Amino acid sequence: MQRIFSMLWLLIIYMNGYAQQAQIVPGAVWHDTAGNGLNAHGGGILYYNNTYYWYGEIKQGVTWRVPGSTWENYRVNAGGVSCYSSKDLLHWTYNGVALPAEKTDSTADLHISKVIERPKVIYNKKTGKFVMWMHIDSPDYRYARSGVAVSDRPEGPFRYIGSVRPNGNMARDMTIFQDDDGRAYHFYSSEENETMHVCELTDDYLSHTRNDHRILIKRSREAPAVCRYNNRLYLFTSGCSGWTPNAAAYAVADSIMGQWTEHGNPCKGADADSTYHAQTTYVLAVPGRKNCYIFMADRWNKNNLEDSRYVWLPLIFNTAGIPGITWKDQWKITE
Ligand code: DGJ
């Protein structure tokens, strides 16, 4: 009898998780298919083999403010990078820790005392490897580097290779954009977060070429996310205000290494000036659908970073190619 009850209980938990994710509900607590809270912050999506993989920062445990910090330096122990998979962008199965944090060696980049943020994974067709780039930092954010890890399988485990300052430049918030021709680019906030850089990666995606350009010069933008629409490139960013949200902005270019022209906030309506209390992390061009993009953002809770939420909203380009984002209490990708 007790066994039947336990099984029924598990079934209820599973159905509950399933029902809650029948739509995208921005800002709600999201669960994986096992009913556990989804822990993948500052994340990004890889689409591979008809499956979506979501990688993000594991933020778990006590949040504290780094003593002596003059800015919003709230943190948790670095938890490494999680990986979830889904066929429909609604029901996410936990695949485990794709890149674990290091518990003993306090000098290691991945030590729990360090910062591991904004992981992004792309697949390299030529080498058959999955490559993860991420922001690696010291607790005071002075280290300002980019880490790289590699795996034979999308779920990991990823093998950490090391960290660099691309072409000698400071590198904090970042994203990776893989273009249709297979070339990959690293967008990173540099020069004390004042200027964004975009740098082409080598063919194996494991290092930086010298093709490194300064863009959004002295505009103090971070949290970059990039997509291509109708032969133009769009870069979405936030301002720099720690964990406190601010207004997003976007920039457009005809080619990645060309001129990026800045525009205003793509968000409309109530709370647009705070990006609906969230900060960009990724823009997903939903494969196989035209003009179907998801603007993905984090609603950080600086006092309890583990309880930071996900704000995913439709990003729609109008006939003039202007992107727009409006709040939705809940929505489906088919809409
Ligand atoms: C803003 C960044 O976008 C986040 O990824 C994180 O580094 C916080 N700053 C830390 O305050």
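How much space lies in the largest cavity? About 110 Å³. Keep that number in mind; the tour comes back to it. The model on your screen is predicted.

**Stop 1: the ligand**

Select the ligand and show the residues around it. You should find W71, E72, E117, R118, Y141, D173, E222, G242, W243 and Q279. Colour this shell by class. It has 3 nonpolar, 2 polar and 5 charged residues.

Now show side chains and check some distances. Start with D173. An N or O atom in the D173 side chain is 2.4 Å from an oxygen atom of the ligand. Move to E117. Here the distance from a side-chain N or O atom to a ligand oxygen is 2.6 Å. Then pick R118. One of its polar side-chain atoms lies 2.9 Å from a ligand oxygen. Next, turn on the surface. On its own, the ligand exposes 300 Å², and the protein buries 96% of that.

**Stop 2: the pocket that holds the ligand**

Which pocket does the ligand take up? It takes the space of the second largest pocket. The volume there is about 420 Å³. Select the lining, which has 20 residues. Nearest the centre are W71, Y141, N193, E222 and G242. Of these, W71, Y141, E222 and G242 also belong to the residues around the ligand. Colour the lining by class again. You get 5 nonpolar, 5 polar and 10 charged residues.

**Stop 3: the largest pocket**

Leave the ligand and go to the largest pocket. It holds about 1,100 Å³ of space. The lining has 44 residues, and those closest to the centre are Y47, F177, Q178, D179 and D180. Select these five, then centre the view on them.

Now switch to the cartoon. Several strands each give at least two residues to this lining: β1 (41–48), β7 (115–124), β11 (174–178), β13 (195–201), β15 (221–229) and β20 (279–285). Colour the lining by class once more. The residues divide into 24 nonpolar, 8 polar and 12 charged.

**Stop 4: the cavities**

How many cavities of 30 Å³ or more does the structure hold? There are 2.

Take the largest cavity, with its space of about 110 Å³. Its lining has 17 residues. Select K59, V76, A78, V115 and I116, which lie nearest the centre. In the cartoon, β2 (51–59), β4 (74–75), β5 (78–86) and β7 each give two or more residues to this lining. You may recall β7 from the largest pocket, where it also supplies at least two lining residues. By class, the cavity lining has 9 nonpolar, 3 polar and 5 charged residues.

Go on to the second largest cavity. About 50 Å³ of space lies there. Select its lining: A40, G43, G44, I45, W54, T281, M296, A297, D298, Y310 and W312. The elements giving two or more of these residues are β1, β21 (293–299) and β22 (309–317). The class count is 7 nonpolar, 3 polar and 1 charged.

**Stop 5: two backbone details**

Hide the surfaces and show the backbone. Most peptide bonds are trans, and most residues other than glycine have a negative phi. The next two selections go the other way.

Select G156 and P157. The peptide bond from G156 to P157 is cis, with omega near 5°. Where does P157 lie? Look in the loop between β9 (145–151) and β10 (159–164).

Last, select Y205. Is its phi positive or negative? The phi of Y205 is positive, near 65°, and Y205 is not a glycine. Follow the chain on either side. Y205 is found in the loop between β13 and β14 (208–215). You have met β13 before, among the strands that help line the largest pocket.

Technical notes
Residues are numbered from 1 along each chain as its sequence is written. This is a predicted model: local features need pLDDT of at least 70, side-chain atom pairs count only at pLDDT 80 or more; totals for chains, interfaces and linings use all residues. Side-chain values use heavy atoms; hydrogens and water are left out. A residue is near a molecule or strand if one of its heavy atoms lies within 4 Å of it. A polar contact is a pair of N or O atoms within 3.5 Å; within protein, one must be able to donate a hydrogen and the other to accept it, and residues adjacent in sequence count only if both atoms are side-chain atoms. Accessible areas come from the Shrake-Rupley method with a 1.4 Å probe; for residues, only the protein chains shown count as cover. On a 1 Å grid over the protein atoms alone, a cavity is a set of points where a 1.4 Å probe fits but cannot get out, and a pocket is an open set with protein on both sides within 12 Å along at least five of seven lines; lining residues have an atom within 4 Å of a point. A molecule sits in a cavity or pocket if more than half of its atoms lie within 2 Å of its grid points. Ala, Val, Leu, Ile, Met, Phe, Trp, Tyr, Cys and Pro count as nonpolar, Asp, Glu, Lys and Arg as charged, and the others, Gly among them, as polar. Grid points are joined across faces, edges and corners, and a volume is the space filled by probe spheres set on the points. Helices (H or I, at least four residues) and strands (E, at least two) are DSSP runs, numbered from the N terminus.
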